[in-house]
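Subject: Handing over a structure

Hello,

I am passing this structure on to you, and I hope you enjoy looking through it. The sequence and model come first, and my notes follow.

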Amino acid sequence: MRYTQMLIPTRKETPVDAELPSHQLMLRAGYINQLTAGIYTLLPLAWRSVQKIAQIIRDEMNRSGAQELLLPMVQPAEIWKQSGRWDHYGKELLRFTDRKNQEYCLTPTHEEGITDVARQFIRSYKQMPINMYQIQVKFRDELRPRAGLMRGREFMMKDAYSFDVSYEAAEKSYQSMYDAYCRIFKRCGLAFRAVEADSGAIGGSHSHEFQVLAQTGEDRLLSCPKCGYAANEEKAEVKRTIVKSTFTPSANTPAMEKIYTGNAHSIDEVAEFLHDTPDHTLKTLVYLADGKPVIILMRGNDNLNEIKLQHVLDCETLVMASDAAIEEIMGSKPGSVGPCHISIPTYADFNVVDMHDVCCGANEADHHFIHVEPGRDFNVTKIDDLALAKEGDACPHCGAPLEAFRGIEVGHVFLLGTKYSQPMGANYLDEAGNSHPCVMGCYGIGVTRVLAAAIEQYNDENGINFPTAIAPFHVIVAPMLMKNENVTSTAEKIVAQLEAAGIEVLYDDRDARAGVKFKDDDLLGIPYRITIGERNLNEGMVEFKHRADKDNTKVAVSDIVDFVTKRVRDDLKLGI
């Protein structure tokens, strides 16, 4: 493909509203163009890479025995009401009515659609296991779309759904998809980790996220260097030597005393005022669970894990109370609230059990209680694991200190169970003729998100640096002095021979200075470049360079095609 015949609208300036490197670089390199907030056109270079990612996914899904189909993007409200998600999915579900005033939605995910297929065509245990997948555009009406393809409203996704006769059989389907995902991301050339995760709005008994490692990742992950345990911060557990469910007040703590703390309102400010440390201060949070107030108690240096709390409370909605709501509920402004003399359901994290002689808010502006003894000066409804795990906490399996890193979620596998099949009537008959709901799993990969995550992982000050497997082209051939017939004829011969060998080539046939070509070529991120100049050509040589290398290597013209072909094929085999 000739550069002059492709649409590659590169930019010199970094767009001011693009924060992440992937967003900046895809705009600058002419990969994407914004149509409206959170909705992008994939220009030719991006589309070539996305097609490669999709083909790798298809290869491995088909290898696992899954069957490809295509479900409608527009779905009737009826099936979403049957599953129970029409009213609970939230505002990200774009709902609309047609000319007949019938309710529909643009699907953000297809559990309802595939379950409708299953309930119509799966009748017997003999038809399972079965796994069906699609690669299709999805739409989620994000409140604040950002970061380009990383969190847009419209995106391309691979979603697969398995149906089995039992949980034991479903576990095998789950493991098959887990293994397929590992192969997919390895073939894409990405450094990734599979981590335990919360199932969120999709539901199900357990799940794993596949995270591309990147310092710019929005997800915080914890892993054990000793035993390999890894989990999203929201799911990570901590090993505790003793788990207490009740308080044991200390007899040595003086009577509780109210003191004036002035402008000290945050945990750090109060601790400094008392010449103490945050871990000796009690943090009091006020939330609304399904609209009803609850109090959460944490050690001052811990942070609440809202997902854990939502599971403990078993509520549909959980939101932090506003300042006005806190004042109405607690009788005091935020910064001075506490659990004493309050008759609201109160939940404490396990770490609070070991706290003695602590400080907390007095529910009076600018005042706090000191010498507070849990179990003596206040009681709680329940003690549970509510804190976010953090770096240095003990691994739940082996006790070694956990390490923290950041990642970008590109895939997620869920064991759904009967969450959708039971309410929607996707049943099968067993050998004895008895009816049972199918046991389901679902497995998603953000195809366009993989493209963005790859750029987050592979970029430098000059631009993108793609793994060979998902780069839009394998090689750029860049002749210098387009008016030199020997240079251009040699370049065209090399291009033809590489393409005949199955190597994808972008022929930079622009009549431009070397510096312009090199700058643009580095920006595009194509793995290999062959530079053909008059001086080297007179010696029978051309220059070869990998995008990540600093220096060029001289290679004989007679050897360059075999040399590059071997490098590209080796990369594709190794997944780099």
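Below is what was found in the model, part by part.

First, the ground rules. This is a predicted model, in which local features need pLDDT of at least 70 and side-chain atom pairs count only at pLDDT 80 or more, while totals for chains, interfaces and linings use all residues. Residues are numbered from 1 along each chain as its sequence is written, and side-chain values use heavy atoms, with hydrogens and water left out.

Helices (H or I, at least four residues) and strands (E, at least two) are DSSP runs, numbered from the N terminus. Two strands count as paired if DSSP finds at least two bridges between them.

**The five-stranded sheet**

A good place to start is an open sheet of five strands with mixed pairing, in the order β16-β14-β15-β17-β20. Its edge strands, β16 (318–320) and β20 (382–384), each pair on one side only. From one strand to the next the twist averages 30°; axes here are lines fitted to C-alpha atoms, for helices over the stretch in contact, and angles run from 0 to 180 degrees between N-to-C directions. Within the sheet, β15 (residues 292–299) and β17 (residues 346–349) run parallel and are joined by three bridges. I295 has T346 of β17 as its bridge partner.

Two helices go with this sheet. Helix α7 (residues 306–313) lies across β14 (282–289), β15, β16, β17 and β20, and runs at about 130° to β16. Helix α8 (residues 323–330) packs on the sheet and touches β14 and β15 (contact means heavy atoms within 4.5 Å). The direction of α8 makes about 100° with that of β14.

Which residues of α8 are buried? They are A325, I326 and M330, where buried means under 20% relative accessible area, exposed over 50%, and partly exposed in between (1.4 Å probe, protein chains only). These residues cover an arc of only 105° around the axis, so they sit on the same side of α8; the arc is that of the directions from the helix axis to the C-beta atoms. Their cover includes β14 and β15, whereas A324 and E328 on the other side of α8 are exposed. After α8 comes G331, with a positive phi near 80°.

**The three-stranded sheet**

Another open sheet has three strands, β13-β19-β18 in order, with antiparallel pairing. β13 (257–260) and β18 (358–361) are at its edges with a single partner strand each, so one side of each has no neighbour in the sheet. Neighbouring strands are turned by 35° against each other on average, direction ignored. Three bridges join β18 to β19 (residues 367–372), and C360 stands opposite F369 in β19.

**Helix α2**

Helix α2 (residues 44–63) has 20 residues, which should span 28 Å at 1.5 Å a residue, and its end C-alpha atoms are indeed 28 Å apart. The expected span is 1.5 Å times one less than the number of residues. Buried residues of α2 include L45, V50, I53 and I57. G65, with a positive phi near 100°, follows α2.

**Backbone oddities**

Most residues other than glycine have a negative phi, and most peptide bonds are trans. Here are some exceptions.

- The peptide bond from M128 to P129 is cis, with omega near 5°; P129 is in the loop between α4 (111–121) and β7 (130–139).
- A147 has a positive phi near 65°, lies in the loop between β7 and β8 (154–164), and is buried at 18% relative accessible area.
- H275 has a positive phi of about 55° and lies in the loop between α6 (267–273) and β14; at 76% relative accessibility, H275 is exposed.

Happy exploring!
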